[in-house]
Each structure stands twice: as C-alpha cells, then as structure tokens.
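Reader: I should like to learn how the terms used for a protein model are justified. Please show me the structure and explain them.

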Amino acid sequence: TPSAVNVHGFLTVDGAKMSKSRGTFINARTYLDHLEPDYLRYYFAYQLDPTLADINLDFKAFEDRINSHLIGKWVNLASRTAGFLHNFFGGRLAAHLSEESQGIYRARRHDLDYQELCNPDRVSQRGYQSRYFGHVMRRIMDVAEEANIFVAARSPWNLAKDESRRSELHDVCTLAINLFRLMTCYLKPVLPRTVRLAEEFLGETFIHFDDVKNPRLGQLISPYEAILTRINPHNISAMIEASKESLAPAASADTKAFATSTPPAAANQATPTPGIASTSSPEHKATTISIDDFAKLDLRIGKVLACELVDGSDKLLRFQLDAGELGERQIFSGIRAAYGEPEKLVGRNVVFIANLAPRKMRFGMSEGMILSAGEGGDDLKLLDVDAGAVPGATVR
C-alpha cells in the first residue's frame, strides 16, 4: 500500500482560522451548492508545492484568479476565435499552418514539455509528478498570456473584414484553437469536469500529454458554447451566508431554498438583460445602499474593438471590448436607436459591469452590461471616460 503524502499544511479562510460564526467554516456540500468545483481545484493547485505550507482561501483573490486566468486567458482564447472558423470556414481548422504559426506552436509546446514538467526520474524538475502543481499552473498561464497577445496583435476581427486575407484569418484562428487545445490537455488533471466540456468542443479526448505534440489540422470543431463563466460575487456571498445559517435553528424548506439560491436584495426584482438598461416608474424612490453594496459591482473600463448591428434585432448592438487583464468581452447592448452608425464607436472607452452573470442570447453570449444614461430609445448616451484610462481599469 503506497504511503500517504502530505502536500500542504492547514487551510485558512481570508487569512484566519476557519470559523463557524463568521461563515468561513464551509462544508463541501455548501460550496458545491453555489460554485463550480473546478474553480477551487485550480485555486488550490495554483498554490501547491511539495512543502507543508498553509494555504489561504482569500475569496477576493479566488474570484480574481479564476476570472482572470481561466476565463480571461484560457477560455477567452477559444471564445474569441471559434466564431470566425464557423462564420467563414464551416467550422473547420485549416489543413496547414504557416511556417511562422508552426514555429509559435512548437515554442509554446516546448514551454509545456511534459518530459520536463512530468518526468518523475528527474529530481530537479518542477512539475506534476514532483507535486509542483503551482509551477505547472503558472507555466500554463504564461502560455495563455502569450497566446492572447498573439491574437490581439493579429486582430482576427479586422482580418475578417478583408476578403483578400481569409487565408491569414484561417491560419490565426487555427493556431489560436490549437494553443487553447494545448493548454486544455495540460489542465485536465486539475480541471476534469471543465476539460470534458472543452473536449466536446474540440471533438477529441485527451489521454496523454503526447496527444498535443502536434497541432490538430483540417478537423471540424463544434460551435463554441460557454465552457466556464465568471464567478459572480453574489454566489460567494450566498455560500458564506448559507454556511452561517447551518448553525441557526432549522428553518422551513422554503426559507432555506430562498437563502441559498436568491440574494435577498434581488428576491422580488426581475433579472436585467445584460447590456440593456432598465427603467423604473417616476414614482419609484431610489433605495439607499451601503458602500458594501456598491463594492459588489465590478465596474471596469473597456475599449471598443468592434461594434456592429445585430441581425434579427432592432434594439441591440454587439460590442467586442478589450477589458485588459480580463481578456475580451462580447456584450450586447440595447442602444441601437441612439447609435445608428456603430462603427464610429470603435476605439472609444466605455464603462461596463464586469461581474454580471453572463447571459446566453440567441445571438450569442453577452458577458456584462455597458452603462449609459438617459430614459431609453434614442435618448441613451454612453458614459464618457478620460483618454488616460486603460482597458480593464477598475472604476471606483
């Protein structure tokens, strides 16, 4: 029987010992009622090495790391390029890669060389077999960052506008999907549930790291559907509240269901459509909120990379935003009546809510809400931002 191996010390929550009174003593079942298990697997893996150091579950760092790394870097690579393959190439990867793209793939493959990361016979190596899980995660995210820089530099959304550059567009998107595929294979030991969804998208199952030794070419991929969504801080708050309630006297089933599934402030409110401002009656009096309520909103600066009319809708515009460290965001905004020439918005900075739960619409996934002022219709005006603001900057 193999001997047990300790790979970490104690777990603290927000820098302190787990406490039932503070709601930071969290049962696994309570966590699973509110959040995806692969989020926590990645967060822990990012901090693990062979030592017995304690691990701290900092909820803000947890939210930021998942949203920035897994969604903003890894998943974002597929979501921002798969659509071009289906719109222009029938969902099929290119049969060949340019020499430059082949070189990029080889370089990134070398960065994740399993012989270095996973060989148990080489004591000096820092990888899966030697339990340097954090080192592996950082290497994967380095590859993800390089891949996103490459895509941003090649701007497939601009290549798509030029019919004479279709071959270049096909090459860029094929490489991007293959880099996503490379990272997906290496993330499988840590994100088994999520990688199964990615494998369905790619149309293959990974058995060994050698499966991505070479790029996949000429094959069909499925239309992209959300593999992971950003953590909504309301889910974290609800999990903490549910943990506190586990100490209270038993409540009715209806009360428990309400407390664990619906934020109290939203119990009697309709869920707003991402990107479409809601209006209230003149008689409605604004409710006073605390600074803590305001802090739940993650307001960010986004630079408009593309803006276009949405076929089949007389209200929506489709925005593609550069959100800095959060990657790119697609947001559908109901301001078409106010902006009849959406292409003129390209290059402009806007303010958007970054932590609004994504909504799947028949036109695609909307990943936030762009803020505007006015009563609606052609009266809406986008909020302006000084030129010095950078994409992804937090609005405070």
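Author: The following exchange sets values against definitions. This is a predicted model, in which local features need pLDDT of at least 70, side-chain atom pairs count only at pLDDT 80 or more, and totals for chains, interfaces and linings use all residues. Residues are numbered from 1 along each chain as its sequence is written, and side-chain values use heavy atoms, with hydrogens and water left out.

Reader: Why does Gln219 count as partly exposed?

Author: Buried means under 20% relative accessible area and exposed over 50%, with partly exposed in between (1.4 Å probe, protein chains only). Gln219 has 35% relative accessibility, and therefore counts as partly exposed.

Reader: Which residues does Gln219 touch, not counting those up to four places away in sequence?

Author: Contact means heavy atoms within 4.5 Å. Gln219 touches Gly91, Arg92 and Leu93 on that count. Gly91 is 128 residues apart from Gln219 along the chain, with 8.4 Å between their C-alpha atoms.

Reader: What makes β6 and β9 a pair?

Author: Two strands (E runs in DSSP, at least two residues) pair if DSSP finds at least two bridges between them. Two bridges join β6 (residues 349–353) to β9, so the definition is met. The two strands run antiparallel, and Phe352 stands opposite Ile370 in β9.

Reader: What is the confidence in the protein?

Author: pLDDT is the predictor's confidence in each residue, from 0 to 100. The protein averages 81, and 81% of the residues score at least 70. Over residues 120–125 the pLDDT is below 50.

Note on methods: Helix = DSSP H or I, 4+ residues; strand = E, 2+ residues; numbered from the N terminus.
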